[in-house]
Amino acid sequence: MILSGKSSLKNAPAVEALVRRHRLRPIELLPWAIAVAAYFLFPGYLALGSQIFIMVLFALSLDLILGYAGIITLGHAAFFGVGAYTAGILAVQGWHEPISGLIAAGIVAAIVGLVSGLVILRTHGLTLLMLTLAIVFMLNEAANKAGFITGGADGLQGIAIDPIFGTFRFDMFSRTAYWYALAVLFLGWAFVRLLVHSPFGRSLTGIRENVARMHAIGTPVRRRLVTAYTISAGLAGVAGGLLAQTTEFVALNVISFELSGAVLIMLIFGGVGRLYGAFIGAPVYMIAEDELAKADPVYWLFWIGLILILIVMFARGGILGLIDQALHQIRRRRK
Amino acid sequence: MTAVLETRGLNKSFGALQVAQDIDFRLEAGARHALIGPNGAGKTTFVNLITGRLRPSSGQILLSGEDVTHLPQEARVKRGLGRTFQINQLFKGLSVLENVALAVAERDGVGGDMLRVAGARRAVAEEAYALLERLRIADDALKPVRELPYGRQRLVEIAIALGLNPKVLLLDEPAAGVPSTESAIILELIEELPPDIAVLIIEHDMDLVFRFARRITVLVQGAVLVEGTPGEIAADARVREVYLGERGHV
Amino acid sequence: MDAVIAAIVSILFHGTAYAMILYIVSVGLSVTMGLMGFANLAHGVFAMAGGYVTVTLMNDYGVPFALSLLVACLVVGLASIVIERVLYARLYAASELEQVLFTIGLIFMAIAAAKFVWGPFAQRFAMPEALQGQIELGTRSFPAYRAFLIVVSIAIILGLWLGIERTNLGARIRAAVDNRRMAQSLGINTGRLFTLTFALGSALAALGGGLGAEILAINPTYAIEHLVYFLIVVSVGGLGSVRGPFVAALLIGIGDTACKYLVPEIGAFFIYAATMALLLWRPAGLFGRA
């Protein structure tokens with residue numbers, strides 16, 4: 001260390017702030033408290049609840065690659081779908097154990113992510129975006145054509161899942177599904193949280209902020225991006241696997257532009273690159289969809305489109321961004 | 001003695017436009033070398049070729065005797081190459097401390113760590129902070145870079161390059177457009193750089209060049225016009241001719 | 001052997017017709033993308049709108065084909081001016097993510113509007129009588145409409161290329177695509193140029209949508225269904241290029257037709273794989289700049 005040495009000020013506040021940034025803050029327990037409370041407060045909505053957890057995990061995986069690494073993708077549903085089909089097909093073919101099925105879903109999706117990432121992350125901008133879209137369409141075609149194993153346009157049916165750990169049976173009130181999905185979400189969240197606060201995660205932010213600079217400080221940029229993309233794909237695959245196991249059905253539109261768009265919108269609603277945007281955006285979207293879309297899907301699509309445009313124009317940081325602004329105003333008034 | 005940095009017959013053209021012509025260049029350990037020339041002479045292009053941002057059309061680049069011509073940027077950085085950009089390339093949304101910490105972390109090889117190694121992180125942060133203190137920007141450590149005035153941003157740019165502990169440091173117009181307080185800090189820093197680092201500065205400010213450089217290379221239209229000691233360069237008629245319409249900094 | 005030749009000719013013919021439509025719709029996207037650096041995923045919406053207007057005028061009001069196309073171009077072109085000034089222009093400096101989200105929002109709204117007004121099913125294209133049936137060329141017969149399509153498209157494309165190369169406007173567009181800042185310092189009003197180019201590109205897309213209604217059916221999800229192909233044509237052709245997407249469209253159009261005909265099981269798959277391979281070899285497209 002020829003140019004610098006240990007600072008004279010051993011515990012400089014700036015250093016402390018940086019090193020302590022990852023510490024858990026009490027408010028971060030709020031989503032989990034709400035999830036547990038909801039089980040007792042809304043016993044009739046447990047199916048919706050588990051779907052929400054699944055989408056939060058899905059959106060979280062997208063946030064890793066989009067919010068943190070800055071790679072815009074319209075193809076993330078591909079990995080979700082691959083995971084769903086993997087878990088579903090395993091069950092249909094005779095492997096009914098849920099947890100190993102879920103792990104398999106994640107691994108297969110991660111492999112697809114790795115291979116496609118190696119190929120398409122050589123490009124950037126519109127070309128990259130287009131390639132992510134192409135992958136979704138390709139895999140959708142593949143799933144459609146391989147009807148003998150995927151069920152094609154009719155979807156994959158007959159997915160039977162064994163009780164978890166041999167004791168917790170999947171019941172028709174979705175109680176087991178609720179806790180199963182919540183537990184998996186918790187693990188996924190813990191992992192992503194660890195990741196984004198690690199040097200790896202910070203380097204992703206660096207790549208997003210200024211890739212030229214990252215190259216110039218010796219970062220193996222493409223390797224980091226492919227790694228992040230693979231992890232993100234694996235997590236999306238786990239979310240998809242959860243869907244297959246809890247709903248016991250996989251529809252073809254699980255690999256679609258529409259789903260990629262939906263999860264993107266959820267993330268934008270909540271706030272991109274904030275870790276918790278997924279936790280706000282997914283529930284808001286899912287609940288709104290549950291209420292409004294069933295009545296009139298055309299109406300729903302129109303308003304989603306409009307809200308998306310309004311967010312881009314006026315509220316780029318999503319709901320978390322708006323909260324930030326509000327807090328900022330409050331602090332200023334206090335001074 | 002092996003040069004820490006050497007180029008042999010370096011050429012680069014964009015179609016019919018040749019921006020680097022047959023450049024032979026050597027930098028020894030501990031060098032204090034300036035690269036001067038009129039605007040558009042290809043000085044930044046030369047640096048981009050050395051760092052790997054641009055691929056040469058032909059020629060070789062060697063770092064401590066090793067041929068790095070086909071290695072990517074990051075591999076050259078790992079072999080001791082550090083640079084600042086003519087226009088600041090910073091992480092505008094991140095704090096000043098974090099900007100430098102990223103560089104230190106990469107240098108230490110922990111940039112890709114996914115599991116927090118708490119001790120290493122503190123060490124990285126402390127070293128980054130020490131650098132900020134040396135450049136007298138420690139007070140701004142937690143501020144997002146975009147909130148800093150240009151001069152202080154330039155100091156962050158230099159701190160990042162220093163954080164890499166380079167063996168070869170390429171400074172592209174480090175003091176350009178910087179107010180006097182900060183440029184004084186920069187000049188002082190350059191003078192205090194460890195003697196074993198090789199430093200190449202691109203500069204237009206002749207006072208700085210003659211104060212700092214022990215050798216000067218003059219680049220005109222992508223080719224080396226002449227190379228020598230400051231005395232030789234000052235006396236060279238061709239150099240004066242080239243600069244006749246270009247007194248001082250445009 | 002005869003059957004093989006017949007198959008090849010048929011593939012070339014239908015593939016070319018498809019390619020022409022792809023090109024006419026996509027060329028506007030290529031130019032605006034190269035000019036403004038704006039990823040307009042909603043470009044297909046303008047083609048769809050052109051298709052809907054054309055078909056509605058013909059089906060519901062008995063307007064002749066040519067006139068319907070003209071009106072469609074004008075209507076969509078004018079509407080696009082408004083949309084560009086009011087919405088797009090605000091986002092030229094925005095991040096790529098914001099631009100993508102905005103255009104997705106537009107697509108969603110367009111799909112919903114189309115479903116609401118015209119229902120979810122594809123629009124019937126009542127082919128004008130003069131263009132129905134087959135025409136004889138040597139020993140083979142071809143659908144008259146597609147032959148007409150190819151001829152008219154070539155005329156349009158030649159007109160476009162002449163316009164880009166020979167007119168003042170074309171020169172300004174080319175200059176601004178090449179180097180926007182330089183063009184501005186030369187006094188070219190880039191704001192107005194953007195609007196004009198955007199309008200022309202959208203009008204062309206509308207023309208392509210209306211002309212191609214027989215090949216690319218007009219339905220509410222048109223903009224999404226064909227989005228990938230428009231993007232492929234532009235990426236492979238090279239952003240900002242006018243000629244590049246033409247070659248790309250031919251490759252894609254003929255290639256896709258060939259694959260779907262010869263190996264229908266994995267037909268569409270092949271085009272995506274080929275696109276990826278091509279872009280890995282030439283990331284900036286065939287005629288793009290790195």
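Hello everyone, this is a short walk through how the chains of this model meet, with two closer looks inside them.

One thing up front: what you see is a predicted model.

Let's begin with who touches whom. There are two pairs of chains in contact, and chains A and B share the most contacts. Chain B and chain C, on the other hand, do not touch, and their nearest C-alpha atoms sit 12 Å apart.

I'd like to spend most of my time on chain C and chain A. How many residues does each chain bring to this contact? Chain C supplies 39 residues, and chain A supplies 37 residues. As for area, the size of an interface is often given as the accessible area lost when the parts come together. Here, chain C and chain A bury about 3,800 Å² between them, with 86% of it on carbon and sulfur atoms. On the chain C side, please find C:Phe108, C:Met109 and C:Met276: they lose the most area to chain A, together 17% of what that side buries.

Now for the polar side of the story. Between chain C and chain A, the count is one residue pair in polar contact, taking pairs with both residues at pLDDT 80 or more. There is also one salt bridge across this interface. Which side chains form it? They are A:Arg316 and C:Glu98, at 3.6 Å from N to O.

Which elements of chain C give two or more residues to the side that touches chain A? They are helix H4 (96–118), helix H10 (227–237) and helix H12 (267–281). H4(C) gives the most, with 15 residues. Sorted by type, the residues on that side of chain C come out as 31 nonpolar, three polar and five charged.

Let's move over to chain B for a moment. Its helix H1, residues 43–51, is mostly covered, with eight of its nine residues buried. Among those buried residues are B:Phe46, B:Val47, B:Leu49 and B:Ile50, and also B:Lys43. Just after H1(B) comes B:Gly52, which takes a positive phi of about 100 degrees.

My last stop is a glycine in chain A. A:Gly88 is found in helix H4, residues 77–92. Is A:Gly88 buried or exposed? A:Gly88 is buried, because its relative accessible area is 0%. Leaving aside residues up to four places away in sequence, A:Gly88 touches A:Leu156, A:Ile159 and A:Ala244. A:Leu46, by contrast, is 42 residues from A:Gly88 in sequence and 21 Å from it in space, C-alpha to C-alpha.

Thank you for listening!

Notes
Residues numbered from 1 in each chain as written. Chains lettered and ligands numbered in written order. Predicted model: local features only at pLDDT ≥ 70, side-chain atom pairs only at ≥ 80, totals over all residues. Heavy atoms only, no water. Contact = heavy atoms within 4.5 Å. Buried area = accessible area lost by both parts, 1.4 Å probe. Salt bridge = Lys/Arg side-chain N within 4 Å of Asp/Glu carboxyl O. Polar contact = N/O pair within 3.5 Å; in protein donor to acceptor, adjacent residues only side chain to side chain. Helix = DSSP H or I, 4+ residues; strand = E, 2+ residues; numbered from the N terminus. Nonpolar A, V, L, I, M, F, W, Y, C, P; charged D, E, K, R; others polar. Buried < 20%, exposed > 50% of the residue type's maximum accessible area, 1.4 Å probe, protein only.
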